[in-house]
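Please look through the chain below before reading on, with its strands, helices and packed interior in mind. The paragraphs that follow start from the way the elements are named and then move through the model.

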Amino acid sequence: MKCRFCWEKITEPSLSDEAVFADVCRKPECIELMNRSCNKVHQCGHKCRGFRGERQCLPCLEKECIGNHNAIYPDFQMYEDYSAEDYCGICMISGLGDEPSIMLGCKHIFHVECIRKKVFGRWPSPRITWDFLDCSACKQQIVVQEDHEALYKEVTLLSNMKKKVFKMALERAKHEGIDKEPRLRNPNDDFFQDLQKWAIFKLAYYQCYQCKVPYFGGMKDCIAAQQQSQEFKPEELVCGKCSSELLGLGNTNCKVHGQTFIEFKCKFCCSVSQWFCWGTTHFCDKCHTLQCKGVYISRKPRSELPRCAGPEQCNLKIAHPPNGEEFSLGCSICRNEAAAIANF
């Protein structure tokens, strides 16, 4: 008899008293997989390849049962027939029967651990992106059942965060004026009449390390986002509200919108900051990248920093102290509304 997980010959009886796990060797890694595996048996007599505690088992993944899935399990309506020997579409290292597997809401099956790592790993760069929350096979958003409690809670948390970011981006698009983009009116363009998609494409959001709330971090395109270093310190990502509190600027507060939309400029140029380092200094992404690469912009005298050309030509469209000083831009909504009135 061979172990169902490592496929090596079993020389000693299984440590489990459950008959369904009689084909598990005594290797620690195999015992761990056993403890995470479903202990049920299908009506066809084959072992379930799902995870322990699932309320509804996977369809049978044994070859002799493939082709009868829709007849035996009409509620599943699977896109395709899966075999225990099919490689997991995420790791592409071992078969679905070699580890506990899970069926997503879209009916695609993967190793539970691969989905867990994908979801809990979140976005790989400082900027929040959402590809990790999509099924690797069909690109629909991952949906899991409540019986996998930890995974369900994390997916629910991230889904709610995604909705919040999408709503914030849609509102911000109008303030930034990108809702007037010609591509939105071009029937041949991918962004035709889809302001939501365009806003997510153009606007960058980050998660504040202090309050865990997403915040706007300036304009980004897909190429710039891909160039961001994947090695970063999450504790340096701090929103305007929290960095105001850390700097002791208790009066940095909008009477209409509170502190939610408070932003700071980069200390070294005329851009909105995304980074708050050492508890004292705001950087935009460009200046932060230079700093991390050893071009210590923080050590440069003010005379060597970019000089603002004035409110009319400044990217921030606001009068501010010379670069080299910390400066709060105040409430972004009020600032944009004031600019819109001035340009009316």
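Helices (H or I, at least four residues) and strands (E, at least two) are DSSP runs, numbered from the N terminus. With those names, Val-213 lies in the loop between β3 and β4. The model is predicted, and local features need pLDDT of at least 70, side-chain atom pairs count only at pLDDT 80 or more, while totals for chains, interfaces and linings use all residues. Residues are numbered from 1 along each chain as its sequence is written, and side-chain values use heavy atoms, with hydrogens and water left out.

Val-213 is partly exposed, at a relative accessible area of 30%; buried means under 20%, exposed over 50%, and partly exposed in between, with a 1.4 Å probe and protein chains only. Leaving aside residues up to four places away in sequence, Val-213 touches Lys-164, Tyr-206, Gln-207 and Cys-208, where contact means heavy atoms within 4.5 Å. Lys-164 is 49 residues from Val-213 along the chain, yet their C-alpha atoms are separated by 9.4 Å.

The strands on either side of this loop, β3 and β4 (residues 214-219), pair in the antiparallel sense over 4 bridges, pairing being assigned if DSSP finds at least two bridges between two strands. They form a hairpin with 6 residues between them, and Lys-212 in the turn has a positive phi of about 70°. Tyr-206 has Tyr-215 of β4 as its bridge partner.

In a regular strand the side chains alternate between the two faces of the sheet. In β3 both faces are covered, with Leu-203, Tyr-205 and Gln-207 buried on one side and Ala-204 and Tyr-206 buried on the other.

Tyr-205 also leads into the largest nonpolar core, which has 42 residues and in which Ile-102, Leu-104, Ile-115, Trp-130 and Tyr-205 have the most contacts. Such a core is a set of buried Ala, Val, Leu, Ile, Met, Phe, Trp, Tyr and Cys residues joined through side-chain atoms within 4.5 Å. Among the elements that each supply at least two residues of this core are α3 (112-121), α4 (149-176) and β3 (203-207), and the largest share, 8 residues, comes from α4. A second, separate core of 19 residues includes Cys-266, Trp-275, Phe-283 and Cys-287.

Cys-287 is also one of the buried residues of helix α8 (residues 285-292), together with Asp-285, His-288 and Gln-291. Seen down the axis of α8, these buried residues fall within an arc of 165°, so they line one face of the helix; the arc is that of the directions from the helix axis to the C-beta atoms. The buried residues of α8 pack against β3, β6 (275-277) and β7 (281-283).
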